[in-house]
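Welcome, and please open the structure in your viewer with the selection panel ready. We will walk from stop to stop, selecting as we go.

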Amino acid sequence: MGSTRRTVRSFSSQYFPCAIFLCAVISLGQGRSAAQTGAPSVPAQASPQTAPQGKNQEPQAGGVNTGGVHAAVLDSEHRPITAGGFVKSGPVLFQDVAQKAGLATWKHTMGTPEKHYIIESNGSGVGLLDYDNDGWLDIYFVNGSTVDATTGKAGAPKAALFHNNHDGTFTDVAAKAGVTNERWGVGVAIADYDNDGWPDIYVSNFGKNRLYHNNHDGTFTDVAEKAGVTLGNWSTGATWGDYDGDGRLDLFVPGYVHYDMANQPVSSNGGATLCQFRGEEVMCGPRGLKGEPDHLFHNNGDGAFTDVSEKAGVADKSGYYGLASLFIDVNDDGKPDLLVADDSTPNYLYLNKGDGTFEDASYASGYALNENGRETASMGIAFGDYRNNGLLDFYNTTFSDDYNPLYRNDGNANFTDVSYPMGIAEPTIPFLGWGTAFLDFDNDGWKDLVVANGHVYPSVDRTNWGTTLAQRPLLFRNIEGKKFDLMPAVEGSGLANVYVGRGVAVGDLFNNGKLDVVINVLDGHPALLRNVSPDTHHWLEFKLIGGPKSPRDAVGATVYVSCGAQRQRGDVVSGGSYASTHDPRLHFGLGDATSVDMVEVHWPSGAKEKFSIGKTDQIVTLVEGKGTKL
């Protein structure tokens with residue numbers, strides 16, 4: 001698979017200002033521990049409802065300590081590095097303006113604060129869309145729910161649709177728009193599935209999913225039942241893509257755990273602790289619980305979809321725990337491939353064969369496992385050409401006590417885990433990562449990385465493990481594709497705030513050429529990290545409109561921008577991150593360049609065109625068929 005196997009790693013203080021280290025006394029029990037997978041122990045005897053599925057999901061023995069092989073990392077004030085390590089001075093790159101923008105009027109809710117069950121802990125996603133086609137990004141926040149709400153004993157938490165007021169503030173119009181969901185919400189995938197020029201919203205839930213069709217008047221109608229895409233158990237981060245090249249967007253929906261609210265897995269029985277993390281009793285799962293299948297829905301073009309999961313070969317026969325997915329052309333053959341980030345089980349990479357089916361290249365590609373040859377608890381997917389060599393690379397977030405792997409594309413769908421040599425492995429180990437994205441935050445022409453973090457066990461705040469429930473986000477600056485530097489968390493800036501982060505979406509919310517970061521926070525108010533980087537670099541952004549043989553919103557298109565010796569790549573997608581959807585417009589930082597040599601678009605239809613752009617620092621609409629054919 002082209003990766004180097006490593007067996008032992010230790011922390012270096014170079015990544016954490018003023019860090020000191022505490023060694024924990026670890027007692028490892030018999031059997032395979034979740035230190036290998038980043039997942040907790042599960043009941044020693046799984047009930048029939050929680051029978052393990054797949055070859056890598058054998059249950060742990062009760063009482064096995066897990067994940068305790070890394071020393072705690074504390075800062076100079078003896079705070080865990082996940083909620084510390086701040087510096088008093090340095091570049092202020094992001095500021096959390098959620099309160100000022102009006103987003104703090106809404107709050108996410110999922111289960112109880114104690115998080116006795118896994119259904120309460122995974123949180124929800126966020127989507128960026130211009131739902132009213134006024135040229136400004138709006139924000140859709142998925143909300144969770146509670147047991148009392150599902151049984152009618154309490155009102156259901158509502159999703160939010162924040163309309164962009166063009167003045168730095170937002171107004172929640174979800175009720176008026178008809179998109180409050182009021183189910184146990186998880187993810188959001190946004191795309192124009194019927195090619196009418198208006199973005200639609202797919203919300204994945206625990207329970208039936210929704211497909212909100214845009215009515216072109218500021219309102220939406222849930223057509224999921226008619227369309228045949230409701231499903232009904234635990235769906236997670238969906239993705240849209242035209243896998244068969246018919247010009248219509250199809251829908252892939254990963255499944256997580258097959259869950260029964262009436263028979264939730266208990267973590268103790270008669271005083272015996274069954275589910276543990278480092279000796280602490282915690283919620284059970286996902287390992288040892290039955291996995292939920294994945295689903296691929298073919299767009300029939302008449303408002304309805306057909307489930308072709310089995311025929312296409314992407315039904316997840318192993319019962320892995322899917323959390324994020326992404327349609328994107330991995331091997332540059334003009335056909336969208338499919339990635340699935342799986343929790344505590346191997347990841348999937350399916351190569352599109354062009355005949356309506358996919359080849360499972362997960363292991364052969366190197367994407368299924370990390371460099372040590374083991375599965376990770378993958379949460380989110382970032383995609384981007386971080387070396388500016390035309391090849392798409394991928395980055396997965398994982399559980400604490402494990403590093404986030406960066407998969408370098410070596411060509412022909414072969415990947416190598418290069419996290420350690422790129423300098424971004426060790427800093428992530430104490431953190432539990434979720435939503436993530438490549439973004440050029442300083443417009444220097446190189447794609448950087450952002451990660452939202454937050455633990456799943458409230459009990460970590462009572463331990464000396466060096467991790468916390470609320471955690472600070474991480475931002476890595478790309479140094480010309482050769483390494484990544486962790487940017488300092490300056491006191492008072494957005495990078496020094498702590499959140500129980502989950503979904504992340506990135507986009508230019510203020511139409512000023514700087515990419516901002518939106519975070520959906522578990523049981524909290526959202527974060528809007530406004531980009532205030534002091535750079536004065538130039539930029540371009542593109543909104544793409546596909547022709548009659550492409551999806552109207554151009555999902556699946558690739559844009560190349562040439563500027564001097566540099567050639568950047570951007571891809572239009574719907575999905576990835578964790579249960580979230582980014583700005584559909586493509587953003588390119590240009591450094592000090594005041595002009596570009598060429599803009600080349602590879603449309604989903606297969607057409608290739610060249611566009612001439614007169615000036616930088618603007619948002620440009622590119623329409624298929626209006627450029628010069630290549």
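Before selecting anything, take one cut-off along: a residue is buried under 20% relative accessible area, exposed over 50%, and partly exposed in between. Keep in mind too that this is a predicted model.

**The whole chain**

Start with everything shown as a cartoon. The protein has 42 strands and six helices. Of its 630 residues, 63% are buried. Now switch on the surface: about 21400 Å² is accessible, and carbon and sulfur atoms hold 49% of that. For the contacts between residues at least 6 apart in sequence, 63% link residues at least 24 apart.

**First selection: E480**

Select E480, in the loop between β30 (474-479) and β31 (483-486). Is E480 buried, partly exposed or exposed? Its relative accessibility is 47%, so E480 counts as partly exposed, since that class lies between 20% and 50%. Check the backbone here as well: E480 is not a glycine, yet its phi is positive, at about 55°.

**Next: A413**

Move to the loop between β26 (406-409) and β27 (415-417), where you will find A413. A413 also has a positive phi, near 60°, in a residue other than glycine. Here the accessibility is 4%, and therefore A413 is classed as buried.

**Next: S267 and its surroundings**

Select S267, which sits in the loop between β13 (250-253) and β14 (268-269). S267 is buried because its relative accessibility is 13%. Show side chains and draw a distance to E281: the side chains of S267 and E281 make a polar contact at 2.8 Å. Then pick the C-alpha atoms of S267 and C284; they are 5.7 Å apart, although 17 residues separate the two along the chain. Beyond its neighbours within four places in sequence, S267 touches A272, T273, L274, C275, E281, V282 and C284.

**Next: a cis peptide bond**

Step along to G285 and P286, which are joined by a cis peptide bond with omega of about 0°. P286 lies in the loop between β17 (280-281) and β18. Leave P286 highlighted, as this residue returns at a later stop.

**Next: H298**

Strand β18 (residues 295-299) holds H298. With a relative accessible area of 15%, H298 is buried. Which side chain makes a polar contact with the side chain of H298? Select D246 to see the partner, at 3.5 Å. Setting aside neighbours within four places in sequence, H298 is in contact with residues including Y243, D244, R248, F305 and V308.

**Last: the cavities**

Now turn on cavity display. Rolling a probe the size of a water molecule over the atoms shows where empty space is left. How many cavities of 30 Å³ or more does a search of the whole structure find? There are four.

The largest holds about 400 Å³ of space. Its lining has 27 residues, and those closest to its centre are F383, F438, D571, L586 and H587. Colour β24 (381-384), β28 (433-439), β32 (501-507), β37 (566-571) and β38 (586-591), the elements that each give two or more residues to this lining. By class, the lining has 12 nonpolar, eight polar and seven charged residues.

The second largest cavity has a volume of about 100 Å³. Its lining is made of 15 residues, and the closest to the centre are Y256, P286, D343, F399 and V456. P286 is the residue you left highlighted, on the far side of the cis bond from G285. This lining divides into 11 nonpolar, three polar and one charged.

Terms used
Residues numbered from 1 in each chain as written. Predicted model: local features only at pLDDT ≥ 70, side-chain atom pairs only at ≥ 80, totals over all residues. Heavy atoms only, no water. 1 Å grid on protein atoms, 1.4 Å probe; cavity = no way out; pocket = protein on both sides within 12 Å on 5 of 7 lines; lining within 4 Å. Points joined across faces, edges and corners; volume = space filled by probe spheres on them. Helix = DSSP H or I, 4+ residues; strand = E, 2+ residues; numbered from the N terminus. Nonpolar A, V, L, I, M, F, W, Y, C, P; charged D, E, K, R; others polar. Buried < 20%, exposed > 50% of the residue type's maximum accessible area, 1.4 Å probe, protein only. Polar contact = N/O pair within 3.5 Å; in protein donor to acceptor, adjacent residues only side chain to side chain. Contact = heavy atoms within 4.5 Å. Areas by Shrake-Rupley, 256 points an atom, 1.4 Å probe, with all protein chains shown as cover.
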